[in-house]
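Visitor: I'm new to this one. Could you take me in for a close look at a single part, the nonpolar core, and show me how the rest sits around that part?

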Amino acid sequence: MENLTYLFVFVAAVSLMLVLVALRWTRSRLARALILALFALLLPAAYAAPASLLGRAKPVSLEWLGAHVKEASILSASYVEGEAIYLTLQWAQVPNLYRIPWDRDAAEQLQQAMRDAQRDGSTAMMRLPFEPSWDRNEPRFYALPQPKMQEKQEPGGGGGIEYQRPGQAA
């Protein structure tokens, strides 16, 4: 991602030079406004597009399209202590790889949620995955409740097999 920052700075500088040249050569106010608007739209697109195109983890701060997502299921997680937590999240039928900044409390919470989900046979979830949360009271990572067990059928209650000892009358 660090190389992408240098690439973005280069693209922004070249674009700015083109905008300045275009503004110098045009006298129309409408054309100048259009040039500035296009430049303003180019910068965020040039910054975010490479992160989506690469097969690397995208920082959650760059997820603009999924900013409305309330929760996402966690398919996998890995930790690089002191650097980042890497998550494979699924929130719209398609899994995506994301990176959140390293936080020891978040890593422990995530690890506990993954353990609970595996023990209960459920899914680990992440609440508000693309919003920076200042609220430390509500857990960001949690396991869904254990799925409800199927009710046992009573003997002779239709469809169940009743055990009989050999030689016993039915």
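Guide: Let's get our bearings first. The protein chain has three helices and six strands, and you're looking at a predicted model. If you walk along the sequence, the elements come in the pattern α-α-β-β-β-β-α-β-β. The chain counts 170 residues, of which 26% are buried.

Now for the part you asked about. The largest nonpolar core holds 18 residues, and those touching the most other members are Ile74, Ile85, Leu87, Leu89, Ile100, Met126 and Phe141. Five elements give two or more residues each to this core: strand 2 (71-80), strand 3 (84-90), strand 4 (95-101), helix 3 (104-120) and strand 5 (124-127). Helix 3 is the top contributor, with five residues.

Let's zoom in on Ile100. Setting aside its neighbours within four places in sequence, Ile100 is in contact with Val60, Ala84, Ile85, Leu87, Met126 and Phe141. You've met some of those names already, as Ile85, Leu87, Met126 and Phe141 are among the core residues that touch the most other members.

Next, see how the strands around here are laced together. Strand 3 and strand 4 run antiparallel, joined by seven bridges. Take Leu87 as an example: its bridge partner in strand 4 is Tyr98. Between these two strands the hairpin has four residues, and there Gln93 takes a positive phi near 70°. Strand 4 has another partner as well: strand 1 (residues 58-59) runs parallel to strand 4, with two bridges joining them. Tyr98 turns up again here, standing opposite Lys58.

Stepping back a little, look at how contacts span the chain. Of those between residues at least 6 apart in sequence, 47% join residues at least 24 apart.

To finish, hop over to the outside for a contrast with the core. Helix 1 (residues 2-25) is where you'll find Leu7. Leu7 joins Phe10, Val11, Val14, Met17 and Leu18 in a nonpolar patch on the surface, and together they have about 560 Å² of accessible area. Why isn't Leu7 counted as buried? Its relative accessible area is 44%, so Leu7 is partly exposed, while a buried residue has to be under 20%. As for the whole protein chain, about 12,800 Å² is exposed, with carbon and sulfur atoms supplying 58% of that area.

Technical notes
Residues are numbered from 1 along each chain as its sequence is written. This is a predicted model: local features need pLDDT of at least 70, side-chain atom pairs count only at pLDDT 80 or more; totals for chains, interfaces and linings use all residues. Side-chain values use heavy atoms; hydrogens and water are left out. A nonpolar core is a set of buried Ala, Val, Leu, Ile, Met, Phe, Trp, Tyr and Cys residues joined through side-chain atoms within 4.5 Å. Buried means under 20% relative accessible area, exposed over 50%, partly exposed in between (1.4 Å probe, protein chains only). Contact means heavy atoms within 4.5 Å. Patches are made of residues with over 30% relative accessible area and no salt bridge: like charges are joined within 9 Å, nonpolar side chains (Val, Leu, Ile, Met, Phe, Trp, Tyr) within 5 Å. Accessible areas come from the Shrake-Rupley method with a 1.4 Å probe; for residues, only the protein chains shown count as cover. A salt bridge is a side-chain nitrogen of Lys or Arg within 4 Å of a carboxyl oxygen of Asp or Glu. Two strands pair if DSSP finds at least two bridges between them.
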